[in-house]
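Subject: The structure we talked about

Dear colleague,

I am passing on the structure below, and after it you will find some notes on what turned up when I went through it. Please read them with the model open beside you.

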Amino acid sequence: MTTRSPILSLRRIQKSYGPIKVLHGVDLDIYPGEVVALLGENGAGKSTLSNIISGTVQPSAGEMTWLGRTYAPADPRAAMDEGVGMIHQELKLLPKLSIAENVFVGRYPMKAGRIDRKAMEDRARSGLHRLGLDISPDRLVEGLSTGKQQLIEIAKALTLNARLLILDEPTAALGGEESQLLFQQIEWLKSEGVGIIYISHRLEEIRQIADRIVVMRDGAKVQEFESGDVPIRTIVEAMVGRSLERMFPALPVPTDQVTLEVRNLSSPSNAFRDISFSVRRGEVFGIAGLMGAGRTELVRAISGADPISGGEVLLHGRSVTPRSPIDAIRNGIVLVPEDRKLQGVVLDHSIAENIAYANLREISRGGWVSSRRIQLFAEDCIKKFGVKGRGGQNAGELSGGNQQKVVLAKWLARKPQVVVLDEPTRGIDVGARSSIYDLIIDLAREGVTVIVVSSDLEEVLGVSSRILVMAQGRQAGILNREDANDVSVMELATI
Amino acid sequence: MRAAVQEKQGTAVRQLPSLRGATGPLIGLIVLCLFLTFATDKFLSLRNFLNVLDQITVLGVMAVGMTFVILIGGIDLAVGSVMALAMMVLGYLNVVAGVPMGLAIPLALAAASLNGLIAGLLITRFNVPAFIATLAMMSISRGVANMITDGQQIIGFPAWFNMMAIVRFGGFVTLTVAVMIAVFILGLLYQRYRHGGRVLYAIGGNAEVARLAGINVQRATVLVYVVCSFLAGLSGMVLAARLDSVQPSSGVSYELDAIAAVVIGGTSLSGGTGGIGGTIIGVLIIGVLRNGLNLLSVSPFMQQVIIGAVIVLAVTAETYRKRK
């Protein structure tokens, strides 16, 4: 497009975690004064790539060139010193410190061995001015709107004379007006010759600000558009693409009998609102949406783990709106949580103990339990549900797939009516996934009502007979299996 | 085949002492006893052993409650003050108000338990960190204990009360030692074989996992602090019997001794591992060490240094073993 030379060039960048390859040789050039939108589904490798550029993660292979020189930052500090600033999705400001202190944290201007507060505030003020922000730099960060905080992060990067800024989902927490303010600043930064990598799930805003679009999928760059003005549908098709077919077992035919009904359910934190659906006996019901769409909060509320502010949950027509996990479990609604290691199992306790924790009442006689009885109960579950391991083994020693089976086993022993699985195969290698799918389908076949939340579109499409798509806490629509495909789901999810 | 046999033996050996990681402290205790047997001529005798038991009663009873608290990942800094409060309530009711012991003791224990109830509710309902909630209760209960007599001690319990700590039934244990042994046994049984005891491991291991598994974490937490305070009160009854008097300055820094005994016994401060078995050994180590150092005429100041060193040794050995 121009004869200018790029400020940053990536060549054949690879990254592996153990045997798992997350980046397969990515090439990327960033020119001064342009906004490159980096797009892709969750797990496509966008974050890993930007972490490599900002020095948080080191590549396994490949090389980077920065302003004509070889570039291999050892840590974020080194990248910052070179002029690469990254603004993370979660803000990393210290609320109890002033704006100026936040801007200069860790590299305070010094004078005679002491912090030169005046120089610090002056330089912070000029940084804020450049962004058109009229706030005093000695004010505390606490209480500032998210949008303002976002701009302070950018001011922080600017005082470092950043030549390249990486913005990871900068508008995720912003309202419309704040977003527009941010876009103005981005335009201004462009005119100053700053290169910008812009990561976002909001496709409509990409058309507004991107000069170029790079789409990633499964750790590789799959397509590049030389303009930001590309139909959303085209982008989505590139994002979901066509990858290897995975093995999903045939779905059972659900009965006509409705087991679970959710009516106008809302959360107090507004993470989701006014959600209504019903699921039949023997049906696998999928829930899809982008990160932050409220899927996890919704299913956690249904299983009593998170609070509910309005609406109700009905089981066989009877209201069972849970106030705690205990309530839900008593009614036969169980949750396989999103974060296995923090919510699913106690890592340094044995498999047997982990299984027992959900079944202590059943195992004990008149309140008495013995290790032997726990062991016997667990061995039984381990055999029945195909966990590979011994009862005495620590859960932390197991593979992700087997840990997930432990979580399932502890619930299945209770013969639940509704099983809710949140990201059932996250962090589990592809080979072990199919055995989880088999378990899910088997459950449905036995007449259990199953809800599956997943960021992996292919997975939701593969196991669900209907799919609820959520977008920013709202119910964007429910698709039947016949109408559900990558594109229709993504279109609903990015509204 | 052979592997299977070994595996079986492995579990058998692991379950034989069934101390949940307290094998290290047990070895330490044995080494300590052997050393003192050869270093002094008075250590190895029934009389001295019974002395040691008498000396550890207060710490022993208190440390059982502290074990439960630490097992769920909590801490209770108030036990020393709660003990003093229970003692003062006992003295006031019995000596000043003339309430018979049969009623004064349960009331004193109830007063102690109330402290635990408040701490437990602060922690679960108002999300006050355990450290802060019990730090506050430590100050409050100490203050109340002092207010009862304006800082004065109370004497004049019935004669039989002191005899509980002196008369050795069947020439063997005093009633106070019997109380401690009963607490040990009940604690062990509860922790290992009761539904409610098992739950504590789940909560300490990961409270969120426990909650999602349908365990009533809040109720169990409150209960643990109530039991801990109750046992602190009970240790106060034991101390009152031993001293035949009560004073509001009793039990200062006892909470730290109790924590030390629990930690030496192999219970992790982060919760989820350890147990009463280890704590009993921890209490014995502290008791035997103090007794032995006295027999060796080591100064009390030096004793503090040595006990500090033992805490470091016990915990580093445990961490080192785990890392391996």
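Which residue of strand 20 of chain A does A:Ile287 stand opposite? The partner of A:Ile287 is A:Val453, where strands are DSSP runs of E with at least two residues and helices are runs of H or I with at least four, both numbered from the N terminus.

Before going further, please note that this is a predicted model, in which local features need pLDDT of at least 70 and side-chain atom pairs count only at pLDDT 80 or more, while totals for chains, interfaces and linings use all residues. Residues are numbered from 1 along each chain as its sequence is written, and chains are lettered from A and ligands numbered from 1 in the order in which they are written.

**The sheet in chain A**

Strand 15 (residues 284-289) and strand 20 (residues 449-453) of chain A pair in the parallel sense over four bridges; two strands count as paired if DSSP finds at least two bridges between them. Both belong to an open sheet of six strands in chain A, with the order 18-19-20-15-21-22 and mixed pairing. Its edge strands, each pairing on one side only, are strand 18 (333-336) and strand 22 (474-480) of chain A, and the twist averages 20° from one strand to the next.

**Chain A as a whole**

Chain A has 18 helices and 22 strands. With a radius of gyration of 25 Å, close to the 23 Å that the globule rule gives for 495 residues, chain A is as compact as a globular protein of that length (the radius is taken over C-alpha atoms, and the rule is 2.2 Å times the number of residues to the power 0.38). Of the 495 residues of chain A, 46% count as buried, that is, they have 20 or more other C-beta atoms within 10 Å of their own, with C-beta atoms placed from the backbone.

**The core**

The largest nonpolar core, a set of buried Ala, Val, Leu, Ile, Met, Phe, Trp, Tyr and Cys residues joined through C-beta atoms within 7 Å, has 242 residues, and among those with the most contacts inside it are A:Leu165, A:Val420 and B:Met62. Helix 11 (residues 217-243) of chain B gives the most to this core, with 17 residues. Leaving aside residues up to four places away in sequence, B:Met62 touches several residues, including B:Val79, B:Leu231 and B:Tyr254; a contact means C-beta atoms, placed from the backbone, within 7 Å.

**Where the chains meet**

The contact takes 20 residues from chain B and 24 residues from chain A, and helix 9 of chain B gives the most to the chain B side, with six residues.

With best wishes

Conventions
A residue is buried if 20 or more other C-beta atoms lie within 10 Å of its own, exposed if 12 or fewer, and partly exposed in between; C-beta atoms are placed from the backbone. Two residues are in contact if their C-beta atoms, placed from the backbone, lie within 7 Å. Axes are lines fitted to C-alpha atoms, for helices over the stretch in contact, and angles run from 0 to 180 degrees between N-to-C directions.
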